[in-house]
Amino acid sequence: MARPKRAELTTQDWPKIRIQTRKDGKASYQVDSVIPLGEEGRRRKRFKDRPSAESYAAALRAEFANHAGSGFALSDTQRADARAAFAFLDDSGLGASTTLLEAVRFYALHARPGKGNITYAALVVSYLANRRKAGLRPASMAGLTRRLDTFGRFLGEPKTPDIKTPSRDIKTITRATVEAWLDSRPITATTRRNDLRVLSGLFEYAMRPDSYAGRRTRRTAAVNGWLAANPLADMMIPETHHEPATLSNEQAAGILRAAYDTRHRHPDGSFYGEDHNALLPYWTLALFAGLRPSELQRLDWRDIRLDRAEPVVHIRRDATKTKAGVRLVPLCEAAVAWLRLAPLPHAGPIIGSPSNFAVRLRRVTRAAGFDRYPVDAARHTFATNRMALTADAARVASELGHANATGVLFTHYRALAEPETARAFFRLGPDSVLDRDGKIIPIRQATTTPAKQQRTRRTAARGNPP
């Protein structure tokens, strides 16, 4: 059937009748009742000839007259109330686009939610309890709490429900309120995106507290909470795509070298302290297996299977942040060689003692020549080189433990790398990084502070061991 090429208004009377002429010359007549009729709302109906359309329009006029006449059955108070409601809509600028029926429906939906009313502070406490019960990691809980507290301070809210401190009802927080908070701070697009996601999750929980399960909550679940709708549902999330930071082969070799030789070197050539030597397996698996920093910190030596025909590292459920993160990651020959050089015994956490871990980690990166180590650079480097070597996005995404298959890989981790460069990366074993005698190739000594160097010289001058 040929589509109409134009629609012409044939009458100004209500209901409107429009004629639409198709390309084949035939015409049809549409009756459009733009004024709602009770619960049925707007009506549109098409006819082949004009008399039929006019007859139907006349019937609608008669129905509307009878429907409008029923308004005389309203009491004087109800009619006065309706007149005041129309005046309020006109003063607010909504009179031309909003009917009284629409306004009443909106009020009934938002002012009388299933669980009644709740303040922002009380909702935050309930939401955090839900996330804690769901097993959210301490670091994630801390970030969630910090963002919600920051927004609460903008609203003038207490951190916890306090009957002495007034708290704002959650239904009074609108999209404009959130936008005002975001615009009041000099934040990056990434921070803006994360803030929006946290608040949107809070509002989704307020809608479905009985079935809320984070991002996996079904939008078709029953809305039986304190809110009938998410005020941020149609708010655009900022795009924050950026090229991931990766390490060159030379930089990766420097990291491995620094992780192997991380004992402080005394001016007389001797060594003291082995705080960093335990971080060799950490950096080995970060570079050659692409494990997340949080996974590495929870990894145990029993999960590294070097005695298998194809060595692997097993990421358990309690060591990863998602169900998809449970996986077996194959280890290349270079990774196996570095792991066998790690200090004995090969037992317990691979990072050794967790105390002072951040300081020890920073000393390794500084010894490797980094004043500021790029976040997740080792994981990005593995993903980039593995992708260049295998050209198999699904396989690499599985090894990285991505929850949504290849989506995250292409969004965050994919970068260009030559296959030859990737092959050279996975051959960065001890033989290519250390000299022929197995000694450590010299690195710059950036692991000691000037004060510590001065104390070391004083100790050596007295003839005492450091």
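1. Arg360 counts as buried in this predicted model, because its relative accessibility is 5%, and the cut-off for buried is under 20%. The residue belongs to helix α12, which runs over residues 357-367.

2. The side chain of Arg360 has a backbone partner to be noted. One of its polar atoms lies 3.4 Å from the backbone oxygen of Ile351. Arg360 also lies 9.9 Å from Ala259, C-alpha to C-alpha, although 101 residues separate the two in sequence.

3. Helix α9, spanning residues 280-288, is largely enclosed by the rest of the structure, because 9 of its 9 residues are buried. Aromatic members of this buried set include Tyr282, Trp283 and Phe288. Leu280, Pro281, Thr284, Leu285, Ala286 and Leu287 are likewise buried in α9. Just after the helix, Gly290 adopts a positive phi of about 65 degrees.

4. Ala122 offers another case for the accessibility assignment. At 23% relative accessibility, Ala122 counts as partly exposed, and the residue sits in helix α4, residues 120-133. Its C-alpha atom is separated by 8.6 Å from that of Ser167, with the two positions 45 residues apart along the chain counted as their sequence separation.

5. The strands β7, β8 and β9 form an open sheet in the order β7-β8-β9, with antiparallel pairing. Its edge strands are β7 (304-305) and β9 (327-330), each of which pairs on one side only. Strands of a sheet pair through backbone hydrogen bonds, in either a parallel or an antiparallel sense.

6. Within this sheet, β8 covers residues 312-315 and pairs with β9 over 4 bridges, in the antiparallel sense. As a point of register, Val313 stands opposite Val329 in β9.

7. For the chain as a whole, the secondary structure comprises 18 helices and 9 strands. The chain has 466 residues, of which 39% are buried. Among contacts with a separation of 6 or more, residues 24 or more positions apart account for 59%.

8. The accessible surface of the chain is about 26,800 Å². Carbon and sulfur atoms contribute 53% of that exposed area.

Definitions and conventions. Residues are numbered from 1 along each chain as its sequence is written. This is a predicted model: local features need pLDDT of at least 70, side-chain atom pairs count only at pLDDT 80 or more; totals for chains, interfaces and linings use all residues. Side-chain values use heavy atoms; hydrogens and water are left out. Buried means under 20% relative accessible area, exposed over 50%, partly exposed in between (1.4 Å probe, protein chains only). Helices (H or I, at least four residues) and strands (E, at least two) are DSSP runs, numbered from the N terminus. Two strands pair if DSSP finds at least two bridges between them. A polar contact is a pair of N or O atoms within 3.5 Å; within protein, one must be able to donate a hydrogen and the other to accept it, and residues adjacent in sequence count only if both atoms are side-chain atoms. Contact means heavy atoms within 4.5 Å. Accessible areas come from the Shrake-Rupley method with a 1.4 Å probe; for residues, only the protein chains shown count as cover.
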